[in-house]
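Reader: Before we discuss this model, I would like each label to be justified against its criterion. Could you take me through the reasoning step by step?

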Amino acid sequence: DISFLLALEGKVPTSVSRLPGLEQRHPWCASSIKLPTTALQKTKKRRRSSDEIRLVAQVGKDSFGNDYIENLRQNDISTEFTYQTKDAATGAASIIVNNEGHNIIVIVAGANLLLNTEDLKEAARVISRAKVMICQLEITPATSLEALTMAHNSGVKTLFNPAPAIADLDPQFYALSNVFCCNESEAEILTSLAVSNPAEAGKAALVLLARGCQVVIITLGAEGCVMVSQTEPVPKHIPTEKVKAVDTTGAGDSFVGALAFYLAYYPNLSLEEMLKRSNFIAAVSVQTTGTQSSYPYKKDLPLSLF
Ligand code: ADP
């Protein structure tokens, strides 16, 4: 698992079909840790083909890092700002799945934690021009906060996923989040309330909304999600498909990726409709094993979703 910042630009390319499948979480390259110029030039040349989705990130200069970069390229995601460092290993996650499809994940952050606020300057151009920026907490909170500030100041929609959650989250995160999207356990940590059904999620969502977000979404696994916004301040439950879950690992990332897709490319849809469709895409992902490997391509989804 790798921390990430995702910036969406321009019109929908065929390659965006992979977007709901993004589970890599990529932050920003440290300006102090750069590839040799020749390597940078080489990569930049190859990256011209896709400017639609960018992962601003840092991975290790190791086989996992190489594989991630190759995988991103194969999915037509620009790696212009996905750098490799010798100073840490690529972030990794060890995932254990039980018979009900639920998981326990141990994360080794590795290269993700080398990032700092100075590093974001490298990617400032793409952040300020993005339609949507996703940000989460698998990099340092200070770096996440700076990225959100940059996006916010440029009028870019921010989708913040406070994962893994921290109890004393800086209040600025809420004000800088257009959409604040977390799961049940993250909502519990952030609010100190019990969150295990739609009614409880609604109460927690209102607490988070009052901290300054424009929209709060709490995902509830097989129960779908709950939404609340400054314009519609009554919590609403959006149920999802009844499916046989085989492996729910990465369902939240699938949901967040799908939601970013709709925010970027179908901004005129109602939030409720975006969430119905994101629920559907995430429900597809839980029906097969793996994280990225369980995410559907656009071509494999019903046309009614687009
Ligand atoms: P996380 O993966 O962060 O724990 P959730 O478990 O809440 O997040 O799942 C995110 C979304 O994935 C849910 O809102 C729902 O749309 C979908 N999902 C997860 N589990 C199931 C399931 N068992 N059946 C159908 N959809 C699911």
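Author: In this predicted model, the secondary structure of the protein comprises nine helices and 12 strands. Buried residues account for 50% of its 306 residues, and of the contacts between residues at least 6 apart in sequence, 68% join residues at least 24 apart.

Reader: What makes Asp253 a buried residue?

Author: The label requires 20 or more other C-beta atoms within 10 Å, and Asp253 has 26, so Asp253 is buried. Asp253 is located in helix H8, and UniProt, in an unreviewed entry, places the feature "active site" at Asp253.

Reader: Which positions does UniProt list as "binding site", and how do you know that they gather at one spot?

Author: The unreviewed UniProt entry gives Asp247, Thr249, Ser285, Thr288, Gly290 and Ser294 for that feature. They span 48 residues in sequence, yet no two of their C-alpha atoms are more than 9.8 Å apart, and therefore they gather at one spot.

Reader: Why are Asp247 and Gly290 given different burial labels?

Author: For Asp247, 22 other C-beta atoms lie within 10 Å, and because the threshold for burial is 20 or more, Asp247 is buried. For Gly290 the count is 15, which falls between the limit of 12 or fewer for exposed residues and the limit of 20 or more for buried ones, so Gly290 is partly exposed. Asp247 sits in the loop between strand E12 (236-238) and H8, whereas Gly290 belongs to the segment after H9.

Reader: Which residues are in contact with Asp247, once its neighbours within four places in sequence are left aside?

Author: With those neighbours excluded, Asp247 is in contact with Val97, Gly101, Val286, Thr288, Thr289, Gly290 and Ser294. Of these partners, Val97 stands opposite Asn103 in E6, and Gly101, in the hairpin of E5 and E6, takes a positive phi near 85°. That hairpin has five residues between its strands, and strand E5 (residues 92-97) pairs with strand E6 (residues 103-108) in the antiparallel sense over six bridges.

Reader: What surrounds the ligand, and which residues come nearest?

Author: There are 19 residues around the ligand, and Thr219, Ala245, Ala251, Gly252 and Ala282 come nearest. By class, the shell has 10 nonpolar, eight polar and one charged residues. Helix H8 (251-265) and helix H9 (271-285) each contribute at least two residues to this shell.

Reader: How do you know that the length of H9 agrees with its number of residues?

Author: At 1.5 Å a residue, the 15 residues of H9 should span 21 Å, and because the end C-alpha atoms of H9 are 21 Å apart, the two values agree.

Reader: Why is H9 described as largely enclosed by the rest of the structure?

Author: Of the 15 residues of H9, 11 are buried, so H9 is largely enclosed by the rest of the structure. Among the buried residues of H9 are Leu271, Met274, Leu275, Phe280, Ile281, Ala282 and Ser285. The buried residues of H9 pack against strand E10 (215-219), strand E11 (225-229), E12 and H8.

Reader: What makes Ser192 exposed, and why is Asp76 called partly exposed?

Author: Ser192 has 10 C-beta neighbours inside 10 Å, and because a count of 12 or fewer qualifies, Ser192 is exposed. Asp76 has 16 such neighbours, a value between the limits of 12 or fewer and 20 or more, so Asp76 counts as partly exposed. Ser192 is found in the loop between helix H6 (184-191) and helix H7 (198-209), while Asp76 lies in the loop between helix H2 (63-74) and strand E4 (82-85).

Reader: What is notable in the phi values of Asp76 and Ser192?

Author: Asp76 has a phi near 60°, a positive value in a residue other than glycine, and Ser192 has a positive phi of about 65° although Ser192 is not a glycine.

Reader: Where is there a cis peptide bond, and what is its omega?

Author: A cis peptide bond joins Ala163 and Pro164, with omega about -5°. Pro164 is placed in the loop between strand E8 (157-161) and helix H5 (172-175).

Key. Residues numbered from 1 in each chain as written. Predicted model: local features only at pLDDT ≥ 70, side-chain atom pairs only at ≥ 80, totals over all residues. Helix = DSSP H or I, 4+ residues; strand = E, 2+ residues; numbered from the N terminus. Contact = placed C-beta atoms within 7 Å. Near = placed C-beta within 6 Å. Nonpolar A, V, L, I, M, F, W, Y, C, P; charged D, E, K, R; others polar. Pairing = 2+ DSSP bridges. UniProt positions renumbered as here; feature names shortened; annotations may be inferred. Expected span 1.5 Å × (residues − 1).
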